[in-house]
Amino acid sequence: GKGSTGGTSAGTGATAGTTTGGTGGKGTGGSGSVAFSDNFDDGNATGWTNDGRCAWTFPNGTCWGGGGSCRSRAGSTWTDLTVQVKMRVMSFGGTGSSYRAGIVARGGRGREYYSFLVDQAGDLQLRRGTSTLSGSGTCPTIGGSLATMTWYWLRMQVSGSGSARIVTSYSTDGTSFMQVHDCTLTSSVITSGNAGVITGGATVAEFDDFEVRTP
């Protein structure tokens with residue numbers, strides 16, 4: 001059945017594991033061990049903590065977030081990791097780049113996190129908190145045409161501590177991934193943290209098949 005949670009939820013939802021392998025395709029790759037996964041089929045948010053103004057429900061074995069800017073996170077101290085989710089935006093809260101949804105890696109307090117996002121224009125953003133990244137390689141927002149009410153798979157790989165390399169990709173079928181960003185940061189590097197999903201500006205998105213892999 002449907003339900004909603006606020007803050008830290010209870011139940012029997014997410015799982016941790018050590019399955020080795022990947023989804024294949026192009027982009028960052030999906031190899032490594034599964035550190036956390038959740039397909040939300042059991043209709044609860046065990047293992048997740050919501051930040052900000054979140055409202056989660058679970059129709060059809062998926063997880064929704066909306067009702068303002070929202071970040072929901074799992075785990076605590078991953079360093080090198082690959083985050084992947086199946087996502088579709090149901091509605092953006094307005095027009096412009098501030099209305100977005102996506103995935104988070106190396107999250108901490110406040111704006112200490114990296115995110116890979118789809119915005120209202122269908123563009124693909126890479127950010128630290130709410131700021132765009134300045135580094136070497138492909139860091140800026142990439143123009144795209146991703147649509148609402150359409151499932152996409154988003155993937156973000158973060159590695160390194162003295163410097164951090166972030167590689168992002170997306171897929172329309174969950175198999176063949178197209179690389180978007182390959183950005184290396186050398187200053188104010190976030191070295192570890194949690195992972196999760198995020199919406200901004202009252203955007204409502206649907207998430208499924210969330211997974212974190214570690215080397």
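I take buried to mean under 20% relative accessible area, and because C139 comes out at 2%, I enter C139 as buried. The model I am reading is a predicted one.

**Entry 1, the disulfide.** I searched the whole structure for disulfides and found one. The partners are C139 and C183, with their sulfur atoms 2.0 Å apart, and I noted 90° about the S-S bond, which makes the link right-handed. I then looked up where the two ends sit: C139 is in the loop between strand 12 (136–138) and strand 13, while C183 belongs to strand 15, so that the pair, 44 residues apart, links distant parts of the chain. C183 has a relative accessible area of 0% and is therefore buried. I also checked C63, which is in no disulfide, as the nearest cysteine sulfur, that of C70, is 8.3 Å away; at 5% relative accessibility C63 nevertheless counts as buried.

**Entry 2, H181.** I next turned to H181, which lies in strand 15 (residues 177–185) and is buried, with a relative accessible area of 0%. I asked which groups the side chain of H181 reaches, and I found the backbone oxygen of P140 at 3.1 Å and, as a polar contact, the side chain of T168 at 2.7 Å. Setting aside neighbours within four places in sequence, I listed the contacts of H181, among them F116, L124, L126, C139, P140, I166 and T168. C139, the disulfide partner of C183, is thus also in contact with H181.

**Entry 3, S115.** I placed S115 in strand 9 (residues 114–119) and recorded a relative accessibility of 1%, so S115 counts as buried. Beyond four places in sequence, S115 is in contact with residues including I103, V104, Q125, L126 and M156; Q125 and L126 are also in the contact list of H181. I computed the C-alpha to C-alpha separation of S115 and I166 as 9.9 Å, for two residues 51 apart in sequence.

**Entry 4, the core.** Which residues touch the most other members of the largest nonpolar core? I found them to be M87 and F210, in a core of 47 residues, and the largest share of this core, five residues, comes from strand 7 (residues 81–91). Looking past neighbours within four places in sequence, I found M87 in contact with A101, V118, W151, Y152, L154 and F207, among others.

**Entry 5, aromatic pairs.** I counted six aromatic pairs. F36 and F210 have ring centres 6.0 Å apart and planes at 70°, so I enter the pair as edge-to-face. This pair links distant parts of the chain, with F36 in strand 2 (residues 33–38) and F210 in strand 17 (residues 204–214), 174 residues apart, and both residues are buried. Y152 and Y170 are likewise edge-to-face, because their centres are 6.3 Å apart and their planes stand at 70°; here Y152 lies in strand 13 (residues 152–159) and Y170 in strand 14 (residues 164–171), 18 residues apart. Y152 is buried, at 11% relative accessible area, and Y170, at 17%, counts as buried too. I further noted one aromatic cluster, formed by F36, F40, W48, F58 and F210.

**Entry 6, charges over rings.** I looked last at charges placed over rings. The charged end of K86 sits over the ring of W151, 4.8 Å from its centre, and R155 lies over the face of F177, at 3.6 Å from the ring centre. W151 had already appeared among the contacts of M87.

Notes:
Residues are numbered from 1 along each chain as its sequence is written. This is a predicted model: local features need pLDDT of at least 70, side-chain atom pairs count only at pLDDT 80 or more; totals for chains, interfaces and linings use all residues. Side-chain values use heavy atoms; hydrogens and water are left out. Helices (H or I, at least four residues) and strands (E, at least two) are DSSP runs, numbered from the N terminus. Buried means under 20% relative accessible area, exposed over 50%, partly exposed in between (1.4 Å probe, protein chains only). A polar contact is a pair of N or O atoms within 3.5 Å; within protein, one must be able to donate a hydrogen and the other to accept it, and residues adjacent in sequence count only if both atoms are side-chain atoms. Contact means heavy atoms within 4.5 Å. A nonpolar core is a set of buried Ala, Val, Leu, Ile, Met, Phe, Trp, Tyr and Cys residues joined through side-chain atoms within 4.5 Å. Rings of Phe, Tyr and Trp (its six-membered ring) pair if their centres lie within 6.5 Å; planes under 30 degrees apart count as stacked, over 60 as edge-to-face and the rest as tilted. A charge sits over a ring if NZ of Lys or CZ of Arg is within 6 Å of the ring centre and within 35 degrees of the ring normal. A disulfide is a pair of cysteine sulfur atoms within 2.5 Å.
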